[in-house]
Amino acid sequence: MITVHHLNNSRSQRVLWLLEELGLPYEIKRYERDPKTMLAPSSLREVHPLGKSPVITDGELTLAESGAIVEYLVRCYGNGRLVPALDTPEHLRYTYWLHYAEGSAMPPLLLKLIFDQIEKNPMPFFVRPIARSITNRVKSSFIEPQITQHLDYMETEISKSTWFAGNEFTAADIQISFPLEAAVARAGLNESRPKLMAFLNLIHSRPAYQQALKRGGAYDLLS
């Protein structure tokens with residue numbers, strides 16, 4: 001039995017969704033973020049030394065990292081589902097978007113979250129103007145232009161087909177969903193990029209996505 005070590009409001013929601021799409025039985029072990037720091041509890045280190053989510057256990061195997069988990073589940077349990085045929089242009093696009101999601105799309109979004117938190121967190125009054133000046137400069141000169149560049153790029157690419165790898169839904173669409181959901185919550189993704197919003201509406205309408213939300217619980221990326 002596959003066990004998903006599921007942290008609230010995290011990338012592990014994608015793993016639940018993938019398991020629902022594949023129709024696989026699984027168990028959920030739940031972990032809650034610290035309400036002040038928003039960090040994962042130390043108990044996750046008992047599962048994996050880094051104490052991060054997502055992590056799955058499958059028999060004797062313990063596996064972390066979203067992309068690795070997606071590839072493992074599709075390869076071992078997919079029976080050819082959710083991945084384009086080898087040696088096709090769609091398979092190359094599938095591989096690209098599977099890794100682009102965490103390798104390129106998420107870093108500027110994570111930086112924005114960190115710098116937004118710096119501005120919000122309490123600090124001595126004499127430090128506040130300096131800290132805010134630095135964070136505003138970094139966000140306006142680097143982070144926000146990077147996010148805009150990536151969102152524009154994804155808007156153009158998804159305009160080429162219904163899904164990111166082609167006209168068939170794949171696990172790459174599951175993987176890319178998290179940075180797009182995060183961009184809606186934290187980085188201003190809205191109807192000004194209609195193709196990306198249409199993509200999100202499509203995934204939200206999938207029964208497996210909805211079932212994963214029911215099992216995983218509330219999903220709030222605004223925190």
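These are my notebook entries on strands, helices and a surface patch in this structure, which is a predicted model.

**Entry 1. Strand S1 and its partners.**
I began with strand S1, residues 2–7. I looked up how well S1 is covered and found that six of its six residues are buried. I then took the two faces separately: Ile-2, Val-4 and His-6 lie on one side, Thr-3, His-5 and Leu-7 on the other, and all are buried. Next I looked up the pairing. S1 runs parallel to strand S2 (residues 26–31), with six bridges joining the two. Within that pairing, I noted Thr-3 opposite Glu-27 of S2. S1 also pairs with S3, here in the antiparallel sense and through four bridges. For Val-4, I recorded Ile-56 as the bridge partner in S3.

**Entry 2. Strand S3 and the hairpin.**
I moved on to S3, which spans residues 55–58. Val-55 and Thr-57 point one way from the strand, while Ile-56 and Asp-58 point the other way; I found all of them buried. Besides S1, S3 pairs with strand S4 (residues 61–64), antiparallel and over four bridges. Val-55 has Ala-64 of S4 as its bridge partner. I then examined the connection: S3 and S4 form a hairpin with two residues between them. In the turn, I noted that Gly-59 has a positive phi of about 65°.

**Entry 3. Helix H6.**
I asked which residues of helix H6 (residues 194–204) are buried. I listed Leu-196, Met-197, Phe-199, Leu-200 and Ile-203. I then viewed H6 down its axis: the buried residues fall within an arc of 155°, so they line one face of the helix.

**Entry 4. Lys-139 in helix H4.**
Is Lys-139 buried or exposed? I placed Lys-139 in helix H4, residues 128–158. Its relative accessible area is 8%, and Lys-139 therefore counts as buried, the cut-off being under 20%. I looked up its contacts, leaving aside neighbours within four places in sequence, and recorded Phe-115, Asp-116, Glu-119, Glu-144 and Pro-145.

**Entry 5. A nonpolar surface patch.**
Last, I turned to the surface. I found a nonpolar patch formed by Leu-110, Leu-111, Ile-114, Ile-118 and Phe-142, with about 390 Å² of accessible area together. Which helix gives the most to this patch? I recorded helix H3 (residues 89–120), which gives four residues. Leu-110 is placed in H3. I checked the exposure of Leu-110 and found a relative accessible area of 42%, so I entered Leu-110 as partly exposed.

Notes
Residues are numbered from 1 along each chain as its sequence is written. This is a predicted model: local features need pLDDT of at least 70, side-chain atom pairs count only at pLDDT 80 or more; totals for chains, interfaces and linings use all residues. Side-chain values use heavy atoms; hydrogens and water are left out. Patches are made of residues with over 30% relative accessible area and no salt bridge: like charges are joined within 9 Å, nonpolar side chains (Val, Leu, Ile, Met, Phe, Trp, Tyr) within 5 Å. Accessible areas come from the Shrake-Rupley method with a 1.4 Å probe; for residues, only the protein chains shown count as cover. A salt bridge is a side-chain nitrogen of Lys or Arg within 4 Å of a carboxyl oxygen of Asp or Glu. Buried means under 20% relative accessible area, exposed over 50%, partly exposed in between (1.4 Å probe, protein chains only). Contact means heavy atoms within 4.5 Å. The arc is that of the directions from the helix axis to the C-beta atoms. Two strands pair if DSSP finds at least two bridges between them.
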